[in-house]
Amino acid sequence: MDAIPMVLTVADVMPAAAEVFIAGAACLLLLVEAMFGPRARDVSFFLAIATLAGAAWVTSAVAVPEPTVILYGHFVADPMGTVLKLFAYGAAAVTLLYSRDYLIRRELLRGEYLVLALFAVLGIQVIVSAGSLLTLYLGIEIMSLSLYAMVAFDREDGIAAEAAMKYFVLGAIASGALLYGISILYGVTGTILLEGVAAAIGQSEAGGVGMLLGLAFIVVGVAFKFGAVPFHMWLPDVYHGAPTPVTLFVGSAPKIASFALAMRLLAEGLGGAVDAWQDMLIVLAALSMIVGNVVAIAQTNIKRMLAYSTISHVGFILLGVLAGNPAGYQAAMFYTLTYVIMTTGAFGVVLWLSRKGFEADALDDYKGLNRRNPWFAFVMLLMMFGLAGVPPTVGFWAKLQVIAAILDVGLTWLAALAVLMSVIGAYYYLRIVKLMYFDEPTVTGPVEAKIGVRVMLSLNGLAILVLGLYPGMLLGLCAQVLR
Amino acid sequence: MPAPANILSWLVWLPIATGVLVLLLGDRRIAAGRWVALAASLAALVLCVPLWAGFDLTTPALQFVEREPWIGALNAWYHFGIDGIALPLIVLTAFTTPLVIIAAWDTIERRPAQYFAAFLVMEGLMIGVFSAADALLFYVFWEAMLIPMFLIIGVWGGTRRVYATIKFFLYTFLGSVLMLVALIWLYLHGGSYEIAAMHRLPIGMTEQVLIFLAFFAAFAVKVPMWPVHTWLPDAHVEAPTGGSVILAAIMLKMGGYGFLRFSLPITPDASRELDWLIITLSLVAIAYIGFVALVQRDMKKLIAYSSIAHMGFVTLGAFVAYDIWQATGSVSGAAMGLDGAMVQMVSHGLVSGALFLCVGVLYDRLHTRDISAYGGVVNTMPVFAFFAVLFAMANAGLPGTSGFVGEFLVIVASFKANFWYAFVAALTLILGAAYTLWLVKRVIWGDVGNDGVASLKDLNAREFLVLATLALAVLFLGVWPAPLLEVMRPTIGFLVEQLMVSKL
């Protein structure tokens, strides 16, 4: 082993500047809250958004064209990481923007909420840039603990507390499984660096039962974080129970982290053992698509329905990952990013429809939306057809890419299953469109929203259409960072 | 006369952009919105004039080609180009849309702006389907079309509209996604989404059969062929008049177009092996569905079933080519079936569209489609009765109308292949006449059936204009189909050559 230099210079940690920045800003925000209390609500909100924007600037400024390893191999900065982080900041910022009115109305917009959100983003950053098994685990814990607290943020709400409890207990079990897998892997390979693990797997003697055992636990951990069947039990309850802004938060940026987790662990660390984990992922993906799509049909609550829809989309993302080649990873990345855009928009509409003392989470609340506000009914229509994967929305290209990836590795039956499941899935998205367009409204009167939310939601909807008509740029970006 | 540059792009995007404009104008300024919609659809029709005039009749190659990079990562191109199969269908689309807009002029009470916008967007997307020379571009238009149609049936349809439109969407979506898998497979093996490149790609027999079946799933549902036709009567009955017209006149043609553009040239060997399947299903559609049409009590449902039977001729004509070739060795004989299929598509587009408009005229007045609610309409609406009888005769295949030409060509062609094919197909001459004439007898002729009929007012100028235009087209094509046949000839000749060459 090389001698470890004892002194770190600023240049050595520069690639991690964005992480340092967010951590510092989050602590600062905590101070602001402590000093000024609830009066500083608007300032805190502004600071949080500014932090995310600043982090985006820092990340772009320190972006590296080639993978760079720092901190003795525990931290990797690479183009994929840069893109994922930028999307995560964007998703988090848009999420906060959508949530603002709702949080204010329910008196939840306190500094702690924003601090937790920023720490969750920090966790995502750490996962995305993890170079070793320990960094990965650290990131997961930072993110998960923040999310548990966010789910329970509304203290008065019993359902939310129950959801947080479930999330925490099940999450802890999953973390345990992951940590156990990591420890076995460490025992077998003798290193916690992903690069070292990859090298050890390349040499055949590291294989065998021990490695497989560790792998199985790791896959369980990853599947749990994704919410893949049969490790999905927490997801509908958390989506349903959490305050809608938190549901939106949990549903967007952390999906990017899940994808990064799969990439770092399975593709980079255990890439040599692709044959071993491919079969496991096939089962997870197939079950997720089937259970997610079929059970979603039976839901009457839109948050629960979108939760099962998430499970089915996780199945599709896993299709790309399990292809086990760059084309598959690109497809999975494209799917993840576009899914985050679509799901953010869909929950954005849910939030926009909610008023004081009224959660717009029953499907019937969407009746006749086209009458009340044609434009946002259209935006929601775009989200729904996007999630269903109908062109000309971007959801189509996401499905096209993952299906092409598995066809390329010869899994024709899985491709056929995937497209059939997307037909079943189309049904419940169509049902929302049906409610909005074909039914008469039960609630009358226009829906009000601040100009910022209206603009953002419109942009979100148009992004789905524009990316659907011209997906080349985003596809090219994914291809460029994942060669 | 040289055609304007990028004429196909204009044809696709002009209606779509205008549709957005009509949406923006909204229901409050619908008076202006209507005129804008009509102007755009007429402009698209006018654009077809240089398209037809500038079309080179001597070559099967794609014409008016536009090719720009679209998605580099997928090697997909924004690639338009039309040949003799696509051109008549584009003209048919551009011809039908203004009529639909005029027919709906002030009869739509709920959200008229969205109604007109949906039809304009549909027009652009449908022309896009027929113009696309890149399979991915084709697929995007093909699927995108479902969205406006889903809304048209669901928002402005009848009582069971929700059931009908979801059934319509899921049926066609299911067929289409299987086609998508086949297209991706072809891309992975040929490296290109260009349809012409797929035509040239050699493919093994097993793969051809699977690809053929995947295409079959998409196109058979769209045509629709027995036994996957059940969405059509529901969708037709529940759709508003304009929706029924576009469904019958254009959307069903996409199935036939798909068979000619994809199935036959990309999987010629599988098509030859499995032509018995298509021929059998077509004959079942012609004979069995003819009987089903006979017992309908709802006018729209009767016409819907008659559509299925007539579309049976299209698929029969397209796939009988192999048997003709085997039986006679004649290439020109094989082309005859394809000619018949194409003429039948155009003719059916005009006739069924016209019949749905006729039903719409009655429905607007009495708000029922029950055959038994009418009787003796001729006494109160003589002008309407004239048109209705004319279109009914065309539907029954009376010589002198366009309905005759297509059916005649297909029956003669199938006679060359096998006597019994022709025998069963010719049943339609009896069945078609039976259900159509019986419909006419019950609705039009006889004494005034009830007070409702007694109070009917004859066609107004707007309705007269629409029906008269269609009547002229039906008669013109029936008396002088030569221009249509000439346009198709080189393309169909080339298609037959493609069929005869094995890709194994």
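The hairpin formed by S1(B) and S2(B) leaves four residues between its strands, and one of its residues, Asn75(B), adopts a positive phi near 55 degrees. As with everything below, that comes from a predicted model. The two strands, S1(B) at residues 63–71 and its partner S2(B), run antiparallel and are joined by six bridges. One of the pairings links Ile71(B) to Ala76(B) in S2(B). S2(B), covering residues 76–82, is mostly tucked away, with five of its seven residues buried.

Zooming out, chain B contains 23 helices alongside two strands. Its C-alpha trace stretches about 65 × 55 × 45 Å along the principal axes. The radius of gyration of chain B is 22 Å, which agrees with the value near 23 Å for a compact globule of 504 residues. Burial can be put in figures too: 62% of the 504 residues in chain B count as buried. As for contacts in chain B between residues at least 6 apart in sequence, 81% of them connect residues at least 24 apart.

Over in chain A, helix H3 (residues 41–61) packs against helix H5 (residues 111–128) at an angle of about 10 degrees, and their axes sit 9 Å apart. With angles under 35 degrees counted as roughly parallel, H3(A) and H5(A) therefore fall into that class. On the H3(A) side, the contact involves Ser44(A), Phe45(A), Ala48(A) and Thr51(A), which meet Gly111(A), Leu114(A), Ala117(A) and Leu118(A) of H5(A). In terms of chemistry, the residues of this H3(A)–H5(A) contact split into five nonpolar and three polar, with no charged ones.

Methods:
Residues are numbered from 1 along each chain as its sequence is written. Chains are lettered from A and ligands numbered from 1 in the order in which they are written. This is a predicted model: local features need pLDDT of at least 70, side-chain atom pairs count only at pLDDT 80 or more; totals for chains, interfaces and linings use all residues. The radius of gyration is taken over C-alpha atoms; the globule rule is 2.2 Å times the number of residues to the power 0.38. A residue is buried if 20 or more other C-beta atoms lie within 10 Å of its own, exposed if 12 or fewer, and partly exposed in between; C-beta atoms are placed from the backbone. Two residues are in contact if their C-beta atoms, placed from the backbone, lie within 7 Å. Axes are lines fitted to C-alpha atoms, for helices over the stretch in contact, and angles run from 0 to 180 degrees between N-to-C directions. Angles under 35 degrees count as roughly parallel, over 145 as roughly antiparallel, 65 to 115 as roughly perpendicular and the rest as oblique. Ala, Val, Leu, Ile, Met, Phe, Trp, Tyr, Cys and Pro count as nonpolar, Asp, Glu, Lys and Arg as charged, and the others, Gly among them, as polar. Two strands pair if DSSP finds at least two bridges between them.
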